[in-house]
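Trainee: I have a new structure to read. Where do I start?

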Amino acid sequence: MAPGVELGFAAAVGPAEAWRLRSAYFPSKVGGRPAWLGEAGLPGPAALRCGRCRQPCALLLQLYAPLRDRPDAFHRTLFVFACRGGACYRLPGPQGPLCVFRNQLPRRNGTYPEEPPPEEPPPELAAAGPPRRLRCGAALCRICGCLGPHACGRCRRVGYCGPEHQALDWRRGHRRSCEQHAASGDGSADAIPEHNEFLFPEYEILIEPEEPEFLADSTVNPDDEQGAIETSKDLKEQEEFRVTSSTDEETLEAMAKHETEDDKIFQMFKERIAVEPEQIIRYCREGEGPIWVSGENIPEEKDIPNCLCGARRIFEFQIMPQLLNHLQVDSLGESIDWGTLVVYTCANNCGEENEYMEEFIWKQDFSAGSVCLPSGYEAKSSK
């Protein structure tokens, strides 16, 4: 990725262009099945279950983020997985219904050629559906595209990550195709549909640098943000004291008009995104940090665990609330929701080429009063 802040935008991809989202083209994308980078050491089904309800997680997005100064990370992708259950998003903070993995390969590897992929797809790839297996032979789940070590007990031709997705596929029609294959030996009915109700909708992520015109339009002072965060505790203590010492109408009215620390930080957030309100990703490894949506639940350094190698983790990118508008997750009950999702990765970028390294993700919600975003930028208020 380039220096400075880069922004990601969701772009619809038609069936004729779906080949661009396959592994051989090193995509950045939202939803669908993972386009795995390396074929060894993939996270297993247990690692991709929600930390709260223990149901399988779906790919939320993957971001191709090579490090040009690291030969061992000539190819590098970050994969974010998310639970489909809205109730699991009630609590802010680390992990929970979310997890993130990093994988990298040198330019010379056993999976991809050294030269860039062609701009036009090979005929066999253009017409192919989602793969049932990796090239190394490992089976993939027919529903989610993650490792599928459990085979259908009847036809033995398709794999699943666990009983939940085997039951879902049985209801979706594998029972009929399984019986057809048993009767005729014809495998044509085993073709995998591109999409199903478990997967998030699929989009390509287009990356663009943040335009410098933001600096001229914004009134945000980084010192103001730091000061707002540092004074959060004092402001809250003052407000608590005022509530307990006097509840007359005049005092309450004055408190309602008081500009709180949350107001300041949310205003900074609105001003920063106003130029490009459709952004779903903000990427800046080893540069400026994330922009927060609230003064509440901002992690301290001690809240971000070191990598298994012992190195500290640093901010790499954040997922913006605008992504929710593309995911079709609204429901009458509880829905998937966040203010921002912030990904921290190993500062040393450790790991051999055959490892998928788990990294750290932090969920911050909007505060109760943060419901007014710039024109063209829709977001859901916190529950």
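Mentor: We go through the core, then a buried polar residue, then the aromatic rings. Keep in mind that this is a predicted model.

Trainee: Which residues touch the most other members of the largest nonpolar core?

Mentor: Look for the residues with many partners inside the core. Here they are L60, F81, F317 and I319, in a core of 63 residues.

Trainee: Which elements give two or more residues to this core?

Mentor: Seven strands and one helix would be a long list to recite, so take a few. Among them are strand 4 (75–82), strand 6 (98–105), helix 2 (163–184) and strand 11 (313–319). The largest share, six residues, comes from strand 3.

Trainee: What is I319 in contact with, leaving aside its neighbours within four places in sequence?

Mentor: Read such a list by residue number. I319 is in contact with L60, L61 and V80. The list for I319 also holds I280, I281, W338, T340 and L341.

Trainee: How many residues are in the second, separate core?

Mentor: That core has 13 residues. V5, L7, I298 and I304 are included in it.

Trainee: Now the polar residue. Is Q104 buried or exposed?

Mentor: Check the relative accessible area. Buried means under 20%. Q104 has 3%, so Q104 is buried. Its place is in strand 6.

Trainee: Which side chains does the side chain of Q104 join through polar contacts?

Mentor: There are two to look at. One polar contact, of 2.9 Å, links Q104 to R102. Another, of 2.8 Å, links Q104 to N349.

Trainee: On to the rings. How is a pair of aromatic rings described?

Mentor: Two values do it: the distance of the centres and the angle of the planes. This structure holds 14 aromatic pairs. Take F81 and F101. Their ring centres are 6.5 Å apart and their planes stand at 75°, so the pair is edge-to-face.

Trainee: Where in the chain do F81 and F101 lie?

Mentor: F81 is in strand 4 and F101 is in strand 6. They are 20 residues apart, and the pair links distant parts of the chain. Both F81 and F101 are buried.

Trainee: Which residues do ring pairs link into a cluster?

Mentor: W36, F79, F81, F101 and Y356.

Trainee: Which ring does the charged end of R84 sit over?

Mentor: Find the ring centre, then read the distance. The charged end of R84 is over the ring of F200, 4.2 Å from its centre. R68 lies over the face of F74, at 5.3 Å from the ring centre.

Key: Residues numbered from 1 in each chain as written. Predicted model: local features only at pLDDT ≥ 70, side-chain atom pairs only at ≥ 80, totals over all residues. Heavy atoms only, no water. Core = buried A, V, L, I, M, F, W, Y, C linked by side-chain atoms within 4.5 Å. Buried < 20%, exposed > 50% of the residue type's maximum accessible area, 1.4 Å probe, protein only. Helix = DSSP H or I, 4+ residues; strand = E, 2+ residues; numbered from the N terminus. Contact = heavy atoms within 4.5 Å. Polar contact = N/O pair within 3.5 Å; in protein donor to acceptor, adjacent residues only side chain to side chain. Phe/Tyr/Trp six-rings, centres within 6.5 Å; stacked < 30°, edge-to-face > 60°. Lys NZ or Arg CZ within 6 Å of the ring centre and 35° of its normal.
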